[in-house]
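Student: Could you take me on a close look at one part of this protein? I would like to see how charged side chains pair up, and what lies around them.

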Amino acid sequence: MKISVDNVRCKGCGICIGVCPKKVFERSKKRNSYGSPMPEPARAGECIGCRLCEQMCPDAAINVEEEARAPERKQKKQDAEEE
C-alpha cells in the first residue's frame with residue numbers, strides 16, 4: 001500500500017496512530033504546517049488496506065492507495081481466483 005499524509009491538512013492529532021490495527025504509523029520528527037509532529041507511515045509494508053486511518057482522520061489528510069502490481073502477478077492472482 002502507498003500511504004500519504006498531507007502536511008498542510010494534518011494537524012497532528014494522532015488519531016491515525018491510535019486506530020491502525022497494524023501500528024503502521026508513528027510520530028515523526030517532521031513538523032506539519034501547524035508546527036506539530038506529523039504521523040508517518042513507518043511500516044507501510046504491514047498495511048492491510050483497511051483504510052481506518054483514512055476514514056477516521058478529521059482533516060482528510062491521509063490517502064491510502066493500492067500500489068500497482070506487475071502484470072504477471074496480477075494475472076496469476078486472477079487465475080487462482082478462477083480455479
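Tutor: Happy to! We need one definition to start: a salt bridge is a side-chain nitrogen of Lys or Arg within 4 Å of a carboxyl oxygen of Asp or Glu. Keep in mind that this is a predicted model. The general idea is that side chains of opposite charge can pair when their charged atoms come close.

With that in hand, look at Asp59 and Lys11, whose closest N and O atoms are 3.4 Å apart, which makes a salt bridge. This pair links distant parts of the chain, 48 residues apart. Asp59 sits in the loop between helix 2 and strand 4, while Lys11 belongs to the loop between strand 1 and helix 1 (15-19). Is each partner buried or exposed? Asp59 and Lys11 both fall in between: Asp59 counts as partly exposed at 24% relative accessibility, and Lys11 is partly exposed at 40%.

Searching the whole structure gives three salt bridges, so let us visit the others. Arg43 and Glu26 meet through their side chains at 3.0 Å, N to O. Because Arg43 is in the loop between strand 3 (37-41) and helix 2, and Glu26 is in strand 2, this pair ties together parts that are 17 residues apart in sequence. Arg43 is partly exposed at 29% relative accessibility, and Glu26 is partly exposed with a relative accessible area of 32%. The other pair is Arg51 with Glu54, where the closest N and O atoms are 3.7 Å apart. Here too the partners are partly exposed, Arg51 with a relative accessible area of 29% and Glu54 with 21%.

Now step from the charged pairs to the nonpolar interior. The largest nonpolar core has 13 residues, and those with the most contacts inside it are Ile3, Val5, Phe25, Cys53 and Ile62. Strand 1 (2-5) and strand 4 (62-65) are the elements that give two or more residues to this core. Those strands also pair with each other, in the antiparallel sense, over four bridges; Ile3 has Val64 of strand 4 as its bridge partner.

Which face of strand 1 is covered? The covered face carries Ile3 and Val5, and the uncovered one carries Lys2 and Ser4. This fits a general pattern: in a regular strand the side chains alternate between the two faces of the sheet.

Phe25 helps join the two stories. Apart from residues up to four places away in sequence, Phe25 touches core members including Ile3, Val5, Cys53 and Ile62, and Phe25 also touches Arg43, the residue that forms a salt bridge with Glu26. Ser28 is in strand 2 (residues 25-31). Ser28 is buried because its relative accessible area is 12%, and buried means under 20%. Beyond its neighbours within four places in sequence, Ser28 is in contact with Pro37, Met38 and Glu40.

Let us finish at helix 2 (residues 52-56), where Leu52 is found. With a relative accessible area of 31%, Leu52 is partly exposed. Leu52 joins Ile15 and Met56 in a nonpolar surface patch of about 230 Å². Leaving aside neighbours within four places in sequence, Leu52 is in contact with Val19 and Pro21. The C-alpha atoms of Leu52 and Ile62 are separated by 9.9 Å, with their positions ten residues apart along the chain counted as the spacing.

Terms used. Residues numbered from 1 in each chain as written. Predicted model: local features only at pLDDT ≥ 70, side-chain atom pairs only at ≥ 80, totals over all residues. Heavy atoms only, no water. Buried < 20%, exposed > 50% of the residue type's maximum accessible area, 1.4 Å probe, protein only. Contact = heavy atoms within 4.5 Å. Core = buried A, V, L, I, M, F, W, Y, C linked by side-chain atoms within 4.5 Å. Patch = residues over 30% accessible without salt bridge, like charges linked within 9 Å, V, L, I, M, F, W, Y side chains within 5 Å. Areas by Shrake-Rupley, 256 points an atom, 1.4 Å probe, with all protein chains shown as cover. Pairing = 2+ DSSP bridges.
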